[in-house]
Amino acid sequence: MTASFADVSATAPVAGGILAGAVLLLLLAENAASRLFNGHRGSARFSSYLPRNFLAVAGASLIPAAFLLEDDVMAAISYPAGPPQGHIPFAASAVILALSSFLYCRSISAERRRTGSGTRMGRRGLEGEIRVEVVLTASASAVIFAASMAWLGRASTEALMRMLQCSFWLALGGIAGAIATRRAAI
Amino acid sequence: MALITRGGHAEEGAPFYLLLVGLLWVACFISYSYTALTVPNRSSFLAPDENNTWCVARQLKEEGSFFINSPLNERFGVKFFRGRLFVEARENRYTSFNSPGLTLLVALGMVLGVPFFVVPFLSSLGVLGIYLVGKELRGPRAGILAALLFCPLPTVVYASNMVLDSVPSAALFLLAWGALLRATRTRSAAWAALGGFSLGLSFLLRQATAVFIAMLLAWLAWERRSVGRKLICSFLVPAALMAVGTMGLNVYLYGSFTSSGQAEGFGRSFLGMLVPVADLSALLHAPSTYLLGYTPLLAALGLWGTVVALRSPSRHRLLRGTSLFMWTIIVVTLVIYGPRPGTWGFFKLTLSGSMARYFILLYASLALLSSIALDEALRRGGHLLVLLSVAAILLTSAAISFGPTDANNLSWLRDRFAAISSYKEALLRDPTPTVVFTRRQDKDLYNDVEVGLCFTEEDAARSPEVAALFPIVDPREDLLPMIEQLLGEGWRVMVASDAPELVDCLRAQGYPLRRSAEFGSLYLVFESPSGEGM
């Protein structure tokens, strides 16, 4: 079924929020994975098995899942309250993402200073550019999924464009977070 | 031996990248030629801009003249027997509203028997242009990435499948820029001359490019010491000669240095810059739609690419300066074209809207900045980001161009061209002199049959642009006596369904009308009440 423009207006900002949540989950997943595989001192026995592109893979799988959730679940939640208007939800998503990225990277930085020696994950967490790369990878995954939905006739062109806009705000939030983190580390 | 680019990156594996560029060039040429390849007997157009270029090119080839005469205007002493985007350059002689550059090249294509491949070929030069720019700034890998990100963009593919000058002009601008960068590194006067010629050709095709050319010249003045006087001369002389030739042609055709359409467009654009407050919503809408809605990934990657470029070592001054130059292009494009909500499709998220193709150089700049980001990602081992980014662009393009979502995709365009060409063929099979009254079907029919434009006072009240550009008619007072006379003389009179006032007027006067599938949405008008039924 092809979504109408009214459907798009209602669900795209919600999708923005979910995408923000997905990326937040992604960041938390890295935090959890870092602790699980590396421990506090990088001595966990499974650390060598952690894929280098773990974050990207996590993002690629979480964000399509978020789109699916948006279509089937979140639309039902948002409709009774009426469609959200404007770009505020997008901006809010970006702020959430930036803040989470900032706080997470700061916590990694503090952990590194506390332990005094960098694990592989810890070193990667300190580099702002890695955060940018991860967020952009997630954003590209979102674009791919949105385009796939359009290809399959699940979304109109307007729906596709709104989802694409949404992916940008998320990426912007991620980049802002990474830049802020880098400055904070200095 | 590995050469070192200005960005300090070695040209390792150059033959491999050249092979990739060659393959991409062929792929782009084929995709840009989709409608030319799938509609062999095409004689129809989507935009009136295409039609005026086509008509004047055919006139140039067949009659050796830029001007089309209108016998019905002359006979009845009126001005509405013409196509929409034409101007009366001489007494009762009409020529294209747009720049004559593409007209000349399409006429050349007609002589060679490949008129519909002219735009795809010129557009595909953008592959070489953007590769050269990316390569000179950051290395061949960045060059191929920039080409991969820019050339498959839906707007580029779509506009290249039409007879429009936007993509060819931007492609030649990129080629000029790339050649200039290469000339400054290799100290080659031949590359500089090629760049100057490409720049002149870009200006010939679309004089609005002058804004970006001025910026490029400002950049050249800034970099004059590193470029050198000899190279600057080699670059500027062919460009200046082409520019003088273009303006001379404009003076001959329109009596001014710019073509009518470009002058009017410039006027509107700069007026828009002066009164941005009145159109604040439009100014905000433009970046939201055309920057973020069409190319969100490029916008995000481009931001990161800018950070990478600005943080590059001081010896890469060119990269840092050029990244700012590219952002100037982006901002200027948005400022000039942002406040133009009157343009068709401005508020609609559709790639066939007239606006999207004005932003081609903005997308090229973003693609170049994005390629810097992806090159940096590759340097750090982030292959997945590169893979997904390129896949995202290709998939978005494929979904929009061939998927089931957009009514204006390439498949739809192909079917429309084929259908209209077919009914037009049926229409022209009968040699009876024919006149069609219409608002919009002039883009398919003008200069094959006589076309009378049917814009009324109501249209003029709704849109000042209509009042300024098109003659206004009263169907009852102006057209009915004329139609009666033409029917009496054996003319075939047709009315398009986009002129309902005239249809109603004719019915009210007792003229039988018939509509058949053979002629699309045209009504055939019969003289006597005993003619064929409604």
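The exercises below, each with a worked solution, concern a predicted model.

**Exercise 1.** Describe the secondary structure of chain A, and state how much of the chain is buried.

*Solution.* Begin by counting the elements: chain A has 6 helices and 0 strands, and read from the N terminus the order is α-α-α-α-α-α. Next, turn to burial, where one finds that 50% of the 186 residues in chain A are buried. Finally, consider the contacts in chain A between residues at least 6 apart in sequence, of which 85% join residues at least 24 apart.

**Exercise 2.** Work out how the strands of the open sheet in chain B are arranged, and which of them lie at the edges.

*Solution.* The sheet has 5 strands, whose order is 5-4-6-8-7, and the pairing is mixed. The edge strands, each of which pairs on one side only, are strand 5 (450-453) and strand 7 (513-515) of chain B. On average, and with direction ignored, neighbouring strands of this sheet are turned by 30 degrees against each other. Now look at one pair in detail: strand 4 (residues 434-438) and strand 5 of chain B pair in the parallel sense over 4 bridges, and B:Phe437 has B:Gly452, in strand 5, as its bridge partner. To complete the picture, add helix 24 (residues 475-488) of chain B, which lies across strand 4, strand 6 (492-496) and strand 8 (522-525) and runs at about 145 degrees to strand 6.

**Exercise 3.** Identify the residues with the most contacts inside the largest nonpolar core, and say which domains contribute to this core.

*Solution.* The largest nonpolar core has 181 residues, and those with the most contacts inside it are B:Ile130, B:Ala146 and B:Phe150. This core draws at least three residues from each of domain 1 (14-32 + 116-380) and domain 2 (47-97 + 409-534) of chain B. Taking B:Ala146 as an example, and leaving out residues up to four places away in sequence, one finds that B:Ala146 touches several residues, including B:Ile130, B:Tyr131, B:Ala367 and B:Leu368. As a general background, nonpolar side chains in soluble globular proteins tend to be buried together.

**Exercise 4.** Locate B:Asn92 and B:Arg187, and decide whether each is buried, partly exposed or exposed.

*Solution.* Most residues other than glycine have a negative phi. B:Asn92, however, is not a glycine and has a positive phi of about 60 degrees; B:Asn92 sits in the loop between strand 2 (86-90) and strand 3 (93-96) of chain B. B:Arg187 is not a glycine either, and has a positive phi of about 60 degrees; its place is the loop between helix 9 (166-186) and helix 10 (189-205) of chain B. For the last step, recall that 12 or fewer other C-beta atoms within 10 Å make a residue exposed, and 20 or more make it buried. B:Asn92 has 17 such atoms within 10 Å and is therefore partly exposed, whereas B:Arg187, with 12 C-beta neighbours inside 10 Å, counts as exposed.

Conventions:
Residues are numbered from 1 along each chain as its sequence is written. Chains are lettered from A and ligands numbered from 1 in the order in which they are written. This is a predicted model: local features need pLDDT of at least 70, side-chain atom pairs count only at pLDDT 80 or more; totals for chains, interfaces and linings use all residues. A nonpolar core is a set of buried Ala, Val, Leu, Ile, Met, Phe, Trp, Tyr and Cys residues joined through C-beta atoms within 7 Å. Domain bounds come from an automatic or database domain assignment. Two residues are in contact if their C-beta atoms, placed from the backbone, lie within 7 Å. Two strands pair if DSSP finds at least two bridges between them. Helices (H or I, at least four residues) and strands (E, at least two) are DSSP runs, numbered from the N terminus. Axes are lines fitted to C-alpha atoms, for helices over the stretch in contact, and angles run from 0 to 180 degrees between N-to-C directions.
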